[in-house]
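Hi,

Here is the structure I promised to pass on. Have a look at it first, and then read my notes underneath.

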Amino acid sequence: AAKDEGRNRFHYFTPSMQRYAKYRMRLIQDLRSAIADHEFELYYQPIVSLQGGLGLKAEALIRWRHPKRGLVSPIEFIAVAEETGLIIEIGNWVFQQAARQSALWRDRFGIEVQISINKSPVQFRDEGESINSWVNLLKTLNLTNNNICIEITEGLLLDGNSAISSKLTQYRDSGIQISLDDFGTGYSSLAYLKKFDIDFLKIDQSFTRNLDSNSDDFTLCEAIIVMAHKLGMKVIAEGVETDYQRKILANAGCDFGQGYLFSRPVPVEKFEQAFLVPVNTQNENCRADDSAV
Ligand code: C2E
Ligand code: MG
Ligand code: MG
Ligand code: MG
């Protein structure tokens, strides 16, 4: 029987491993041409104030419009892009695209939308990375007043790498904010929270998913919010899907919410239709008001 099993395993695994290797090679080839062929797109998901404040934020989430496969989720290609280093080029594109979008919205709609981008640890560890080229683009576009926020994950801070800490400082000095994404899912060392200057904690959706005012998850959310505020950070809850969750989080003092309740990530035009009002319309309203007075 053991022999049979062994043989079965052999037959079962090898073709599937071959298939995976083939799939992966193909994916890498396709990723290589995807930037040049303009196959990436940014979708935007609003991050809304839960405390009645104004000011709209959005997270930029990459999508790959593959010529044969259709829309491909980042979950399918970010890891391979990281392993091959292609994430560096992709990440630069994401940044430039997001920065231009923020400037465009400001010019067209008269609204400053802070756009968050996800930045991979691989990008931070890249020694050839030029922060100057990012900062120069922001200066050219007049976007040095917290228009861009970089989302990082806990793992990056646990590196204990001083180059990373100095990069984070340089970003903040250039008017870029820092969010700690998926908070609570990494290695739970809290020491780095006092070591690094972080603007926002994003409570991971695994805590908000089953939120109920009597649950352990709620206790954790409440504690994270209190701690973050005492350390001078604002809190964003990810994965807010119901009005009930929104209310509980708002009552607990959570500053911002992000999730399907407000909107799924959507293409630029949809985001504009749903959340931005053209400057022209605003002017017309102003004129109407003026003449009424
Ligand atoms: P993330 O940064 O934690 O982004 C939030 C993810 O949660 C997004 O998945 C978003 O669509 C999803 N989400 C938002 N609200 C809800 C909700 O109410 N319910 C549920 N179930 N899900 C919600 P998405 O777009 O598939 O992105 C997955 C991950 O891929 C991101 O997680 C991020 O880690 C990575 N990613 C996306 N874009 C980029 C990028 O430009 N660069 C890098 N390095 N990573 C990216
Ligand atoms: Mg994120
Ligand atoms: Mg997240
Ligand atoms: Mg995530």
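Below is what turned up, starting with the metal site and ending with the cavity.

One thing to keep in mind: this is a predicted model.

Let's begin with the magnesium ion (ligand 2). Its protein donors are Glu-59 (OE), Asn-118 (OD1), Glu-151 (OE) and Asp-181 (OD), and they sit 2.0 to 2.2 Å from the ion. Along the chain, those donor residues follow the spacing E-x58-N-x32-E-x29-D. Glu-59 belongs to strand S2 (residues 57-66) and Asp-181 to strand S6 (residues 176-183), so this pair ties together parts that are 122 residues apart in sequence.

Asp-181 has a second role here: it bridges the magnesium ion (ligand 2) and the magnesium ion (ligand 3), with 4.0 Å between the two ions.

Are these two acidic donors buried or exposed? The cut-off for buried is under 20% relative accessible area. Glu-59 comes out at 3%, so it counts as buried. Asp-181 has 7%, so it is buried as well.

Now for the empty space. Searching the whole structure gives one cavity of 30 Å³ or more, and its volume is about 30 Å³. Which residues line it? They are Leu-31, Arg-32, Ile-35, Leu-86, Glu-89 and Ile-90. Sorted by class, that makes four nonpolar and two charged residues, with no polar ones.

Helix H1 (2-34) and helix H3 (86-109) each contribute at least two residues to this lining. The largest share, three residues, comes from H3.

Happy to go through any of this with you.

Cheers

Definitions and conventions: Residues are numbered from 1 along each chain as its sequence is written. Chains are lettered from A and ligands numbered from 1 in the order in which they are written. This is a predicted model: local features need pLDDT of at least 70, side-chain atom pairs count only at pLDDT 80 or more; totals for chains, interfaces and linings use all residues. Side-chain values use heavy atoms; hydrogens and water are left out. On a 1 Å grid over the protein atoms alone, a cavity is a set of points where a 1.4 Å probe fits but cannot get out, and a pocket is an open set with protein on both sides within 12 Å along at least five of seven lines; lining residues have an atom within 4 Å of a point. Grid points are joined across faces, edges and corners, and a volume is the space filled by probe spheres set on the points. Helices (H or I, at least four residues) and strands (E, at least two) are DSSP runs, numbered from the N terminus. Ala, Val, Leu, Ile, Met, Phe, Trp, Tyr, Cys and Pro count as nonpolar, Asp, Glu, Lys and Arg as charged, and the others, Gly among them, as polar. Donors are N, O and S atoms within 2.8 Å of the metal (3.2 Å for Na, K and Ca); water is not among the atoms, so sites may look incomplete. Buried means under 20% relative accessible area, exposed over 50%, partly exposed in between (1.4 Å probe, protein chains only).
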